[in-house]
Amino acid sequence: MDLGLKGKIALVTASSRGMGRAIAEGLAAEGCQVIICGRDKDNLLKAAQQIEAKTGQVITPIPVDLEQKESISQLLTGITNQFSTIDIVVNNVGGMP
Ligand SMILES: NC(=O)c1ccc[n+]([C@@H]2O[C@H](COP(=O)([O-])OP(=O)(O)OC[C@H]3O[C@@H](n4cnc5c(N)ncnc54)[C@H](OP(=O)(O)O)[C@@H]3O)[C@@H](O)[C@H]2O)c1
């Protein structure tokens, strides 16, 4: 499918596994450069490598705990240091109580 997203930069939160990862993979398959994040660094790096191998797109893994303000600030700093803009944000973290 071509959704016209080629070259877009996408941030998908909570994306080292589950639905977030599937969304990240789908966006990468559409030609997006995707930033993925999660708390477990090893899982995150593994997910990034696997999505890159499958889609040929650059995947940027940034470890973050989205329940911690300081960690969210570090994520935003990491993004602004590496990218001039973000075209798509999928906020997949939150969950049920
Ligand atoms: N699956 C369903 O049927 C369903 C239904 C309704 C709503 N939802 C909601 O949809 C979201 C995704 O569900 P899922 O089933 O795909 O979840 P999942 O398979 O458990 O994956 C959760 C992802 O979120 C990351 N994560 C969790 N807490 C985080 C935090 N504090 N900071 C950063 N990353 C965090 C996990 O990585 P780390 O553990 O390494 O941080 C992982 O990558 C959740 O909010 C869930 O409550 C799911």
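Which atom of the ligand does a backbone N or O atom of Leu 66 lie 2.8 Å from? Here are a few notes to help you find your way around this predicted model.

1. Let's start with that question. The partner of the Leu 66 backbone is a nitrogen atom of the ligand, and the two atoms are 2.8 Å apart. Taken alone, the ligand exposes 900 Å², and the protein buries 67% of that area.

2. Two further backbone contacts are worth a look. Asp 40 places a backbone N or O atom 2.9 Å from an oxygen atom of the ligand. At Asn 92, a polar backbone atom is 3.3 Å from an oxygen atom of the ligand.

3. Now step back to the whole surroundings of the ligand. The ligand has 18 residues around it, and the closest are Ser 16, Met 19, Arg 39, Asp 40 and Leu 66. By type, this shell holds 6 nonpolar, 7 polar and 5 charged residues.

4. Next, please have a look at helix H1, which runs over residues 18-29 and has 12 residues. From its first C-alpha to its last, H1 reaches 17 Å, close to the 16 Å expected at 1.5 Å a residue.

5. Which residues of H1 are buried? They are Gly 20, Arg 21, Ala 24, Glu 25, Leu 27 and Ala 28. Viewed down the axis of H1, these buried residues fall within an arc of 165°, so they line one face of the helix.

6. The face of H1 turned away from the buried side carries the exposed residues Gly 18, Met 19, Ala 22 and Ala 29. You have met one of these already: Met 19 is also among the residues closest to the ligand.

Methods. Residues are numbered from 1 along each chain as its sequence is written. This is a predicted model: local features need pLDDT of at least 70, side-chain atom pairs count only at pLDDT 80 or more; totals for chains, interfaces and linings use all residues. Side-chain values use heavy atoms; hydrogens and water are left out. A residue is near a molecule or strand if one of its heavy atoms lies within 4 Å of it. A polar contact is a pair of N or O atoms within 3.5 Å; within protein, one must be able to donate a hydrogen and the other to accept it, and residues adjacent in sequence count only if both atoms are side-chain atoms. Accessible areas come from the Shrake-Rupley method with a 1.4 Å probe; for residues, only the protein chains shown count as cover. Ala, Val, Leu, Ile, Met, Phe, Trp, Tyr, Cys and Pro count as nonpolar, Asp, Glu, Lys and Arg as charged, and the others, Gly among them, as polar. Helices (H or I, at least four residues) and strands (E, at least two) are DSSP runs, numbered from the N terminus. The expected span of a helix is 1.5 Å times one less than its number of residues. Buried means under 20% relative accessible area, exposed over 50%, partly exposed in between (1.4 Å probe, protein chains only). The arc is that of the directions from the helix axis to the C-beta atoms.
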